[in-house]
Amino acid sequence: DSFRAVLDASRVGCGGASGPAYLAVRRSQGPSHRWKRGAWGQFRDYADAYDLAGELVEQSRGYEEKAALVALSFSGAIGLTFLMLGCALEDYGVYWPLFVLIFHAISPIPYFIAKRATYDSDATSSACRELAYFFTTGIVVSAFGFPVILARVAVVSFVIKWGACGLVLAGNAVIFLTIQGFFLVFGRGDDFSWEQW
């Protein structure tokens, strides 16, 4: 709407290609080959200008997705750091907690299957989706229960110490929140597909 107002004001007579409306748009959009001096004359009608505005909106969406991807990658790295600290610190030195990576890898699979099954069928029932939520919940609870069981089991001595268990639980929380954030940011549209990655 603000882009349309600037276009209308510049068309009506605010100086054309050298007026303040053109210069405001020029400064706000940054360098582009279409915004050279006298570029208003290149637009045959409003459709050309709206096409350019649509391109600028798509560019801004691309930047938002890239920023979200960088933030999610950073939080995933923090979660893996907690997990590795729970295994590799000198006081702990036991690598059994790394088996929770299996739970991290398989946790999105029920959701993918349910989304594919409900997408292909015309049924309005969400039983498949509810079953996927049930299996995903079981996987997540298992990932949190596994280090607690390792910390409580005493064969000869405890398998892992409670400090390592705390670090692994913190890593689990961060990694599962990262997975959920990925689906909230990138999986909300109908046009979501893995081909874009």
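This passage walks through the overall fold, the annotated membrane spans and one surface patch of a predicted model.

The fold is a good place to begin. The protein is built from seven helices and has zero strands, so that reading along the sequence gives the pattern α-α-α-α-α-α-α. Of its 197 residues, 27% count as buried. The accessible surface of the protein amounts to about 13,000 Å², and carbon and sulfur atoms account for 63% of that area. Contacts also reach across the sequence: among those between residues at least 6 apart, 58% join residues at least 24 apart.

The UniProt record, an unreviewed entry, adds a further layer. Its annotation "transmembrane region" covers residues 67–88, 94–113, 133–160 and 166–186. Two of these spans can be described in the model. Residues 67–88 are 100% helix and 0% strand, with end C-alpha atoms 31 Å apart. Residues 94–113, in turn, are 60% helix and 0% strand, and their end C-alpha atoms lie 35 Å apart.

A nonpolar patch on the surface is made up of Trp96, Phe99, Ile102, Ile106, Ile109 and Ile113, which together offer about 580 Å² of accessible area. Helix 4 (100–106) and helix 5 (109–120) are the elements that give two or more residues to this patch. One of the patch residues, Ile109, lies in helix 5. Is Ile109 buried, exposed or partly exposed? Ile109 counts as partly exposed because its relative accessibility is 41%, a value between the 20% limit for buried residues and the 50% limit for exposed ones.

Terms used:
Residues numbered from 1 in each chain as written. Predicted model: local features only at pLDDT ≥ 70, side-chain atom pairs only at ≥ 80, totals over all residues. Heavy atoms only, no water. Patch = residues over 30% accessible without salt bridge, like charges linked within 9 Å, V, L, I, M, F, W, Y side chains within 5 Å. Areas by Shrake-Rupley, 256 points an atom, 1.4 Å probe, with all protein chains shown as cover. Salt bridge = Lys/Arg side-chain N within 4 Å of Asp/Glu carboxyl O. Helix = DSSP H or I, 4+ residues; strand = E, 2+ residues; numbered from the N terminus. Buried < 20%, exposed > 50% of the residue type's maximum accessible area, 1.4 Å probe, protein only. UniProt positions renumbered as here; feature names shortened; annotations may be inferred. Contact = heavy atoms within 4.5 Å.
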